[in-house]
2 protein chains.
Amino acid sequence: MAEIIAKRMSQIQPFYVMNILAKAKAMEAQGHDIVHLEIGEPDFVTAKPIVDAGIHSLNAGLTHYTPAVGLASLREAIAEFYHTTYQVSINPEQVIVTPGSSGALQLLLSILINPGDKVLLTDPGYPCNRHFVRLLEGEAVNVKVDATTNYQLTPALIKQYWDAKTRALLIASPSNPTGAMLSGDELQSLISQVNKHQGVMIVDEIYHGLCYGKKAHSALEYSDDVFVVNSFSKYFGMTGWRVGWIISPEAYIVELDKLAQNLFLATSTTSQYGAIEAFSPATMNILEDRRCQFQQRRNFLLKALKNLGFGVPVDPDGAFYIYCNCEKFTDDSFLFCQKILEETGVAITPGKDFGIHNASKHLRFAYTTSIENMEKGIERLAKFLKH
Amino acid sequence: MAEIIAKRMSQIQPFYVMNILAKAKAMEAQGHDIVHLEIGEPDFVTAKPIVDAGIHSLNAGLTHYTPAVGLASLREAIAEFYHTTYQVSINPEQVIVTPGSSGALQLLLSILINPGDKVLLTDPGYPCNRHFVRLLEGEAVNVKVDATTNYQLTPALIKQYWDAKTRALLIASPSNPTGAMLSGDELQSLISQVNKHQGVMIVDEIYHGLCYGKKAHSALEYSDDVFVVNSFSKYFGMTGWRVGWIISPEAYIVELDKLAQNLFLATSTTSQYGAIEAFSPATMNILEDRRCQFQQRRNFLLKALKNLGFGVPVDPDGAFYIYCNCEKFTDDSFLFCQKILEETGVAITPGKDFGIHNASKHLRFAYTTSIENMEKGIERLAKFLKH
């Protein structure tokens, strides 16, 4: 058999952090103690009411396919969640349940993007987004952003980068890697600008709920003519369950259903039954408690990193990441990450996982581990940086 | 927001059977008794040892992401399964666990197919395959097959249809909708022919295990330079769990891992822990008993449909389908299905779900329900056809 690899694969990067993670695991296997500050996944086990609902569904023999767009009861629960959380009215038909927000983003871009169409993204930003666009033979336009705009796009930047081939804007609030959030006014101004260009607006809200001070606004508070992507992975702590969703304008529901049938058949049934329980008061109490713990961790790590001499261009409003400038110490953050891991056993994500703009001067720390553990990591980093 | 739909969507069809299913459900809601002979999903609940393993993993707090290519223990269990079932030696690294075989087929074609590249498929065949190719801006070449070649491709057909843009052949044995199987010799001759063209060979083996007489041979018995796709949905009865896999030549593992990270992040964790138990002796006993039940159902339905006057171009060797010629009764099988449903409450899948070649003269019956239930359906069909 001839060895044939499609051209797109040379432009689709792996997560570089997987390299760090593999090395960290190999070191752990050799008996080294590793402090994981690289992992974009809450350390908490999924809340018990959700786990119990999953078990209950399995015991009840609910092991068959669900409809491609998800269980009706889950779609209703998600619609109700928008009502209680954002006071917006969503028709459950607008809710498309997907295998994680990865499935959501892929499904959505697949029904929207023709070869050659452009999608505006931020750099730094979540790396898979540009790869989804590349998969479809579209072109991801990575707009450089920095602290001067809170690492978010602005109407002026949209205007500057939008051209005749641009079809859509994809933004995230709170964002990965910076945790920077858009205010309601800012969201509204971005929606207006995209409307001026007759483009499509996609808002990634997967870190909603994990906010520390300001309230996160949903784009749906300002328009019912936007796509919103969300997930049960982050705030709801269901990473391994692989359930996300899209809120779609009604005009696109038929196309999304049609393609979901083809791409996924359906999302895991057990996971969907678990997810219904994610909105129960019992679960919500647990999640609020965890959010408070994340806030304490954030405050600890933010102060500690600044004390060590790292630059923090913007204090994060949400998610569980701190994006740091490390140019005081290195001009190659990828090598720096590897050296830190080898010499101290502290694992960090290099900036190049989030784009190319100033990537070699930046790192991402995740506070997805206990303060006690982070204290140990900070101590080791202090020693390392003093050399 | 402007309404923008990508061009590919006009060439991606829904499952037409969803139309039938929706109408059937609406009739059921009105109190009608429906006999479902359309559903491509075993009626059995997932075997208890698998369910218990899923529950056990949830109770043990195993709710985090797994590696993108799957749990090491599951990959080892799948590799071992090839050793015991087909006496072939697979390196567990060659096993890529995916969200169902849908995920497997999409992942695989994405690393192989450039825009404009052609993939040879059978018509009739599984409809999503041509849609996966279309998604990537490739061209699905639907080769007409009929009873003269057992609804499978032959070296002569491959030679006839292969041109400079053809990259891959994708076949299924046993096939959906016909249940027709390739012998070992036939598999080997197809592999040789594809090698002559320096193409890529992809074999869908998702109905393996559901065979009634002849033994199903894996393409891996004849070459280690082919891609095999399989799933826990059909023989293993885990539809709602959404777990499939690819056996890949070693040269492609890195690319598959890289893209799986981007497309899926990972397959559902609970589902993977359940799947490990699919190969246990306790599960295998249950599955063998169910296979025998499928065989009895097949024998019943095959005889009954022939008695009713349907043509059965090939007696199925495997899967749980019978592909029927209905031209004695109609020249529009889609309308015929709708009429049968409305007048008798029997739901059947129209031929057009599997391609265009003679589709309007064919139907697919699934024996995924009890003989008692099928008897009721056959009685109603007999009455309907006598009018």
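This text goes from the two chains to the domains of chain A and then to one helix of chain B. The model is predicted: local features need pLDDT of at least 70, side-chain atom pairs count only at pLDDT 80 or more, and totals for chains, interfaces and linings use all residues. Residues are numbered from 1 along each chain as its sequence is written, and chains are lettered from A and ligands numbered from 1 in the order in which they are written.

Chain A is superposed on chain B by a rotation of 180 degrees with 0.0 Å of shift along its axis, at an RMSD of 0.0 Å; the fit is by least squares on the C-alpha atoms of residues with pLDDT of at least 70 in both copies. That is the relation of a two-fold axis. Of the interface residues of chain A, 100% are also interface residues in chain B, so the copies meet through the same surface.

Contact here means that the C-beta atoms of two residues, placed from the backbone, lie within 7 Å. By that rule 65 residues of chain A are in contact with 66 residues of chain B. Among the elements that give two or more residues to the chain A side are α2 (48-59), α4 (100-112) and α9 (269-276) of chain A. Helices (H or I, at least four residues) and strands (E, at least two) are DSSP runs, numbered from the N terminus.

Chain A is divided into domain 1 (7-45 + 283-386) and domain 2 (48-279), with bounds that come from an automatic or database domain assignment. Their centres, taken over C-alpha atoms, are separated by 25 Å. The contact between them takes 32 residues from domain 1 of chain A and 37 residues from domain 2 of chain A. On the domain 1 side, α10 (281-308) and β9 (321-325) of chain A each supply at least two residues, and the largest share, eight residues, comes from α10(A).

In chain B, helix α3 (residues 72-86) has 15 residues and reaches 21 Å from its first C-alpha to its last, close to the 21 Å expected (1.5 Å times one less than its number of residues). Leu74(B), Arg75(B), Ile78(B) and Tyr82(B) in α3(B) are buried (20 or more other C-beta atoms within 10 Å of the residue's own, against 12 or fewer for exposed and partly exposed in between, with C-beta atoms placed from the backbone). They cover an arc of only 105 degrees around the axis, which puts them on the same side of α3(B); the arc is that of the directions from the helix axis to the C-beta atoms. The cover over these buried residues includes β2 (95-98), β8 (244-247) and α9 (269-276) of chain B. Exposed His83(B) and Thr84(B) lie on the face of α3(B) turned away from its buried side.
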